[in-house]
Amino acid sequence: MKSLTIRNLSKTYFDLYAATHVTAVQDVSLEVGAGEFVSIVGPSGCGKSTILNMIAGFVPVTGGEILVGGKPVNGPGRDRGVVFQSFALFPWRTVLENVAFGPKMRGIGKAEREKIAHEYLALARLTEAAERYPNELSGGMQQRVGVMRALANEPDVLLMDEPFASVDAQTRMTLQEELTRIWQAKKPTVIFITHDVAEAVFLADRVIALSKGRVLEEIAVDLPRPRSWDALHEDARFKALTGRVLQLVRQA
Amino acid sequence: MTTLLKIWSAYVRLTARWPSIASIVPFIPLFAAWWIVTALEIFPLVFLPGPGEVWRSFVALTWKGILPEYLQDSIVRLAVGAGWGIALGIPLGILIGMSRRAHAALWPLLLFFQAIGDIAWLPILVIWFGYGLVTMTFVIVYTVIFPVVLNTVLGVRSIPVNMHRAALSLGASRARILWEVVLPGALPNIVTGLRNGLGYGWRALIAAEIIVGTSGIGFLMFDARRAGSVVEILLGMIILGILWYIVDSWILAPIERATGQRWGLVHR
Amino acid sequence: MRLQHYLSSALMFLLPFAVLVALWAVLVPAFNVNPRLFPTLGSVVAAGLESIRDGTLPAHIGASLLRVFVGTVLALAAAIPLGVLMGVSPVVSTFLTPLFRFFSVLAGIAWIPIASLWFGYGFGAITFVIFNAVFFIVTYNTLLGVSTIPREVRNAAASLGAGRTAMLTEVLLPGALPNIVTGIRTGLGFAWRGLIAAEMIATNVGLGYMLFVARDFYRTEVIVLGMIVIGVLWLLLDRLLLAPLERRTIERWGMVQRA
């Protein structure tokens, strides 16, 4: 796991319809330590997905720089794994083959990479689903596969783009707890994008409140780990933190 | 750089308002390539004539009244054949869609006769009816009927059984259900079938005209071939393409979209 | 158990034909139909056996199938790579789609006059017709298939370390495969019909030719034989090979059929 540094990151693009330049992200700077879990929260259109896409290399940067482990990034790569809101699993491959995809790209032999995939599936308690195809699984299970697929490739940084937004509320809570458990075991460096304030505070070590392409405030989450919804529901500190973030995000 | 972007942006907005422009613009480079290739005579002109010659031929044939007459012949045949195909196909499709027995009895036969294809019927049709309108109409009806029936069956079967039940519980008779539930419910699929059927019918028409025709666009192309003149062949092909493009994109597709979308059924 | 099920549904499928054949055997002699108008069942069977024995039927079938095969293979070899290349870039694919849709409309048969002028009679012209029937529609479908692979799936592969070759073989081709198979199936349908039509006017061997020449001699039993052979061949090809292939690729990947 490596650290992630963002310096004066900005993104402007040309809107074809309005025929003007639009600034999506403005002068964002961020330091994420190795093994740290950071959430970026903000309302729709605040630029958080754009930031993630730039870190992932899917979208070119128009200003500033991004460094992983001190080295600048260029285009997508296996050092930055991504979990997508739409899951983006390969429908023509089984669950096992999906999770084994990253190792396959690295040239790891079949037996070896299937072993790796099985390990990660076991961690997410998905072993029985190994030979299934994605369309046979529920949304929640598909996303767990998505997370394990990204993790099995052992990226330096894990980027999660509103991964639980397409899943129902109860499954979401289960997935959030699962994620913290898995994260505890593997301790990847994580950037987690969401518009759900409670989710952001629940998961992260630090919450970045974003609005209109700018960072409003960074809030440290000093709640003890491991965290569970049962415990935190009525927790005063949790409520205070979520209240603060909500206030920031809503007033902007 | 920004001026380029502004121009591109203007183009995007233009095509957003008038999508037809987006379907015409890609042909411009093709047309230009054709012009250049023939102007440079990369292939002998006898093999590939240029747009100028084709245009002149178009004008000449229109002036002489041949082209409009052939066009009319072709379209009339298609309309008559398609009309019969639809008139026969929809009831047949509804019958097969609604009755298990009809389905078991007729479906295999349908598949087999569809597999024979319209063209293979031409020789025997010529023996029976000669070279006239009857042969042509038969071929087109034959071609149109299969997509219409198949899609009608699909449409009828995809009506949720609860809709039938709802109608029954509201006191509708069998006949009323047919008119009030089955037909509207299957309509989007029927229109898709119509569109496919007309597409196949158009091709069948051209084939029939090429092989046994005495007039029409297909005949024009084949006659020109006999005379060794590529110009009319190209003209015929272009007319065919444009005509079908117009009918399909500007008439049929919107109808299909309108029925489907309006009722929130059927996705293509 | 499965064999039983398969056999019984095959039997159900053949039953209407048995009825039809029985009607044929009875009605044609009963109404004393002129053999020049419609043949008796017996005469068709006899013609069939004879043409198998003297080798003409296998020769015709062989010629037709060979042309379809060659034309299709060539068309696929050109269409799939081209379709993939075009589909990868959204700008290129939106721009070129109308062109390919247009040319898909010019079914194989519309190319016959120009094909026979350019290539003369015989194998070349007919294979060209088949090539066109398959090429445009497969390119169009491949293009469509590739361009509708969700951006995120391609991004996912990139972020898992897929290089260009891997992207092609692991994402683009599998992702477009249902559309490609649909395109092949439709294209072959056009090709088969174009083949028969082309063989009627541009050659001297093949099923289409067999039909057409028989017409000149009023040999209706040969015509009907030919029609049955054509129907059975296509039925076998489409129902036993193409349709299951299409169904399995789409079903397996749980992707909704597009276009």
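**Exercise 1. The sheet of chain A**

How many bridges join strand E1 (residues 4-15) of chain A to E4(A), and in which direction do the two strands run? Set the pair into its sheet.

*Solution.* The model is a predicted one, in which local features need pLDDT of at least 70 and side-chain atom pairs count only at pLDDT 80 or more, while totals for chains, interfaces and linings use all residues. Residues are numbered from 1 along each chain as its sequence is written, and chains are lettered from A and ligands numbered from 1 in the order in which they are written.

Step 1. Strands (E, at least two residues) and helices (H or I, at least four) are DSSP runs numbered from the N terminus, and two strands pair if DSSP finds at least two bridges between them. E1(A) is joined to E4(A) by five bridges, and the two run antiparallel. Within E4(A), A:Glu65 is the residue that stands opposite A:Arg7.

Step 2. Strand E4 (residues 63-68) of chain A is also joined to E5(A), here by two bridges and again antiparallel. A:Leu67 faces A:Pro72 of E5(A), and in the hairpin of E4(A) and E5(A), with two residues between the strands, A:Gly69 takes a positive phi near 60°.

Step 3. The whole is an open sheet of four strands in the order E2-E1-E4-E5 (chain A), with antiparallel pairing. Strand E2 (20-32) and strand E5 (71-72) of chain A are at the edges with a single partner strand each, so one side of each has no neighbour in the sheet.

**Exercise 2. Where chain A meets chain B**

Describe the contact between chains A and B, and then the setting of B:Val12.

*Solution.* Step 1. Taking two residues as in contact if their C-beta atoms, placed from the backbone, lie within 7 Å, four residues of chain A contact six residues of chain B. For the classes, Ala, Val, Leu, Ile, Met, Phe, Trp, Tyr, Cys and Pro count as nonpolar, Asp, Glu, Lys and Arg as charged, and the others, Gly among them, as polar. On the chain A side that touches chain B there are four nonpolar, no polar and no charged residues.

Step 2. B:Val12 is found in helix H1 (residues 2-17) of chain B and, leaving aside residues up to four places away in sequence, touches A:Leu16 and A:Tyr17.

Step 3. A residue is buried if 20 or more other C-beta atoms lie within 10 Å of its own, exposed if 12 or fewer, and partly exposed in between, with C-beta atoms placed from the backbone. B:Val12 has 13 other C-beta atoms within 10 Å and is therefore partly exposed.

**Exercise 3. Two helix pairs**

Characterise the packing of H9(B) with H10(B) and of H3(C) with H8(C).

*Solution.* Step 1. Axes are lines fitted to C-alpha atoms, for helices over the stretch in contact, and angles run from 0 to 180 degrees between N-to-C directions. Helix H9 (residues 161-169) and helix H10 (residues 174-212) of chain B pack at about 160°, with axes 10 Å apart. H9(B) is therefore roughly antiparallel to H10(B), a term for angles over 145 degrees.

Step 2. The crossing of H9(B) and H10(B) is right-handed, meaning that the near helix is turned clockwise from the far one by less than a right angle. B:Met163, B:His164 and B:Ala167 of H9(B) meet B:Ile177, B:Glu180, B:Val181 and B:Gly185 of H10(B), which gives four nonpolar, two polar and one charged residue.

Step 3. The axes of helix H3 (residues 56-88) of chain C and H8(C) come within 9 Å and cross at roughly 145°, and this crossing too is right-handed. Among the residues that make the contact are C:Arg67 and C:Gly71 of H3(C) and C:Trp192 and C:Glu199 of H8(C); by class, the contact has twelve nonpolar, four polar and two charged residues.

**Exercise 4. Chain C and its side towards chain B**

Summarise chain C, and state which helix gives the most to the side that touches chain B.

*Solution.* Step 1. Chain C has ten helices and zero strands, and of its 259 residues 46% count as buried. Its C-alpha atoms fill a box of roughly 75 × 55 × 30 Å along the principal axes.

Step 2. In the contact with chain B, 43 residues of chain C meet 40 residues of chain B. H10(C) gives the most to this side of chain C, with nine residues, and the residues of the side divide into 36 nonpolar, four polar and three charged.

Note on methods: Angles under 35 degrees count as roughly parallel, over 145 as roughly antiparallel, 65 to 115 as roughly perpendicular and the rest as oblique.
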